[in-house]
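Student: Hey, can we go through this structure together? I'd like to ask about whatever catches my eye.

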Amino acid sequence: MESGKHLSTNIDATVPTAARMYDHYLGGKDNYAVDRAACEELDKVVPSTRALALNNRRFLQRVVGALAREYGMRQFLDHGSGLPTQNNVHQVAQQVDPASRVVYVDNDPMVLVHGRALLEQNERTAVIQADLRDTEMIFSHPDTQRLIDFSQPVAVLFNSVFHCIPDSDSDGPSAVVRRVAERLVPGSCLVMCQLVSDDPEVRDFVTDFMDQATQGHWGRVRQEKDVAEWFEGMDILEPGLVEVSTWRPDNEVAPRQLTQEWIEFGGVGRLR
């Protein structure tokens, strides 16, 4: 995409956003009536969405902890980070090593406002507003350059975000992954997962519903095989590509999905 494309800094409370809907599902307060109404409509067809969101958040926390503890990751670049909640990436990583550095990226202006307020006292963490497809802008941003040393391994996160962008030869998930991977040294890791379904009716309904609700700020619900393609050429960390609540589960009792009409599917790839 065109680097440095202008993004609005105005918060529109009349149109739902994926970030604010996700915040509502996680029990947050940084959302509006329009976001809650969209969640209510979505739940009528895919009632497991709240449990799915909670399981996805716990996956993010486990994967960051594992990368920091077991693989020595000290740099994290989180695309589509969403609104701050408890146990964010920087909190998990900095519990392992206070010197860990994190850059959050999101195109939602509300994320920028709340994130910067939360992180004003944390000099090893930054929030930048950018489209996750704008790799050039993200990697060259002053905060990214200040915090991330790309001569060393980096953990790049695309957690539950690729379903927000459509397929495209130049800007689709596969193209974004290629652009990012080309800029990373061996040993870097990419965390990628998204909403998938085996049911074409579910895929079509959610894709159409979210596209209309967010006024075009949506991609599509995909299939497991689509996600697997993004990891080609990488070493996939155990336990492989899975429904995310089964990725190295801890002793925490996770909420059960009421149904399996869709799942969050993905894992972690390590660059050779």
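Tutor: Sure, we'll talk through helices, charged pairs, cysteines and a couple of single residues. Keep in mind that this is a predicted model.

Student: Okay, helices to begin with. How do the axes of H1 and H3 cross?

Tutor: H1 covers residues 18-25 and H3 covers residues 49-70. Their axes come within 9 Å and cross at roughly 95 degrees. That angle makes H1 roughly perpendicular to H3.

Student: And which residues in H1 meet H3?

Tutor: On the H1 side you have Tyr22, His24 and Tyr25. On the H3 side they meet Thr49, Arg50, Ala53, Leu54, Asn56 and Arg57. Sorted by class, that contact has four nonpolar, three polar and two charged residues.

Student: Cool. New topic: how many salt bridges are there?

Tutor: The structure holds 12 salt bridges. As a general idea, side chains of opposite charge can pair when their charged atoms come close.

Student: Give me one. What does Glu41 pair with?

Tutor: Glu41 forms a salt bridge with Lys44, and the closest N and O atoms are 2.8 Å apart. Both sit in helix H2, residues 33-45. They are separated by about one helical turn because they are three residues apart in that helix.

Student: Are those two buried or exposed?

Tutor: Glu41 counts as partly exposed, at 37% relative accessibility. Lys44 counts as exposed, at 59%.

Student: What about Asp143 and Arg146, how do their side chains meet?

Tutor: In a salt bridge too, at 3.3 Å from N to O. Asp143 and Arg146 are three residues apart in helix H7 (residues 142-147), so about one helical turn separates them. Arg146 is partly exposed, with 48% relative accessibility.

Student: And Asp171, is it buried or exposed?

Tutor: Buried, with a relative accessible area of 13%. The side chain of Asp171 meets that of Arg179 in a salt bridge, 3.5 Å from N to O. Arg179 counts as partly exposed, at 22% relative accessibility.

Student: Which residues are linked in a network of salt bridges?

Tutor: That network links Asp167, Arg220, Arg222, Lys225 and Asp226.

Student: Switching to cysteines. How many disulfides does the structure hold?

Tutor: Zero. Take Cys164: the closest cysteine sulfur belongs to Cys193, and it is 11 Å away.

Student: Why is there no bond between those two?

Tutor: Because 11 Å is too far for a bond. A disulfide needs the two sulfur atoms within 2.5 Å. Cys193 is in no disulfide, and its nearest cysteine sulfur is that of Cys164.

Student: Is Cys193 buried or exposed?

Tutor: Cys193 counts as buried, at 0% relative accessibility.

Student: What is Ser160 in contact with?

Tutor: Leaving aside neighbours within four places in sequence, Ser160 is in contact with Asn56, Cys193, Gln194 and Glu264. Asn56 came up earlier, as one of the H3 residues that H1 meets. Ser160 itself lies in the loop between strand S4 (155-159) and helix H8 (173-182). With 17% relative accessibility, Ser160 counts as buried.

Student: Last one: where is Glu201 found?

Tutor: Glu201 is in helix H9, which runs over residues 200-213. Glu201 is exposed, with a relative accessible area of 64%.

Student: How far apart are Glu201 and Glu261 in space?

Tutor: From C-alpha to C-alpha, Glu201 and Glu261 are 9.7 Å apart, and in sequence they are 60 residues apart.

Definitions and conventions
Residues are numbered from 1 along each chain as its sequence is written. This is a predicted model: local features need pLDDT of at least 70, side-chain atom pairs count only at pLDDT 80 or more; totals for chains, interfaces and linings use all residues. Side-chain values use heavy atoms; hydrogens and water are left out. Axes are lines fitted to C-alpha atoms, for helices over the stretch in contact, and angles run from 0 to 180 degrees between N-to-C directions. Helices (H or I, at least four residues) and strands (E, at least two) are DSSP runs, numbered from the N terminus. Angles under 35 degrees count as roughly parallel, over 145 as roughly antiparallel, 65 to 115 as roughly perpendicular and the rest as oblique. Contact means heavy atoms within 4.5 Å. Ala, Val, Leu, Ile, Met, Phe, Trp, Tyr, Cys and Pro count as nonpolar, Asp, Glu, Lys and Arg as charged, and the others, Gly among them, as polar. Buried means under 20% relative accessible area, exposed over 50%, partly exposed in between (1.4 Å probe, protein chains only). A salt bridge is a side-chain nitrogen of Lys or Arg within 4 Å of a carboxyl oxygen of Asp or Glu.
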